[in-house]
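User: I am new to reading protein models, and I would like to understand how the labels given to residues are justified. Could you take me through the reasoning step by step?

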Amino acid sequence: MHRLFRQAAPLTYDAQTGRVSSAVVTVAMKVTLTDRSGKVLFENLNYSFRQQYQVSREVTSFFEEETPALQRMSQDFARTLVSDVLEAF
């Protein structure tokens, strides 16, 4: 499995302050499952997952939400990958 890219980008802004109020993290990857002889058993070169998260408005209580968003996305990816591999056989 090879990660192609990971990107976090602003999604919405607070109209009063102009600060980012939500963001979206995107991960795209390609997956190839091969047997010991090198035969490709499964391949998907276009997996792309996105997860939105809220950005705290309070600097004193700021909590980084990108990591939990990545964790939720990794669970979605794992479920999708297992399902796709099982359906291929």
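User: What makes a group of residues here count as the largest nonpolar core?

Analyst: In this predicted model, the largest nonpolar core has 14 residues, and those with the most contacts inside it are M29, V31, Y47, F77 and L81. A residue belongs to such a core when it is nonpolar, buried and joined to others through side-chain atoms within 4.5 Å. The elements that contribute two or more residues to this core are β2 (20-34), β3 (40-54) and α1 (66-88).

User: Which residues does Y47 touch?

Analyst: Leaving aside residues up to four places away in sequence, Y47 touches V27, A28, M29, V31, F42, F77, T80, L81 and D84.

User: Why is the pairing of D76 and R79 called a salt bridge?

Analyst: The cut-off is a side-chain nitrogen of Lys or Arg within 4 Å of a carboxyl oxygen of Asp or Glu; the side chains of D76 and R79 meet at 2.6 Å, N to O, so the pair qualifies as a salt bridge. The structure holds 1 salt bridge, and its two residues, 3 apart in helix α1, are separated by about one helical turn.

User: How do you know whether D76 and R79 are buried or exposed?

Analyst: Exposed means over 50% relative accessible area and buried means under 20%. R79, at 53%, therefore counts as exposed, whereas D76, at 30%, lies in between and is therefore partly exposed.

User: What makes F89 exposed, and which patch does F89 help to make?

Analyst: F89, in the segment after α1, has a relative accessible area of 63%, which is over 50%, so F89 is exposed. Together with L33 and L41, F89 makes a nonpolar surface patch of about 290 Å².

Terms used: Residues are numbered from 1 along each chain as its sequence is written. This is a predicted model: local features need pLDDT of at least 70, side-chain atom pairs count only at pLDDT 80 or more; totals for chains, interfaces and linings use all residues. Side-chain values use heavy atoms; hydrogens and water are left out. Buried means under 20% relative accessible area, exposed over 50%, partly exposed in between (1.4 Å probe, protein chains only). Helices (H or I, at least four residues) and strands (E, at least two) are DSSP runs, numbered from the N terminus. Contact means heavy atoms within 4.5 Å. Patches are made of residues with over 30% relative accessible area and no salt bridge: like charges are joined within 9 Å, nonpolar side chains (Val, Leu, Ile, Met, Phe, Trp, Tyr) within 5 Å. Accessible areas come from the Shrake-Rupley method with a 1.4 Å probe; for residues, only the protein chains shown count as cover.
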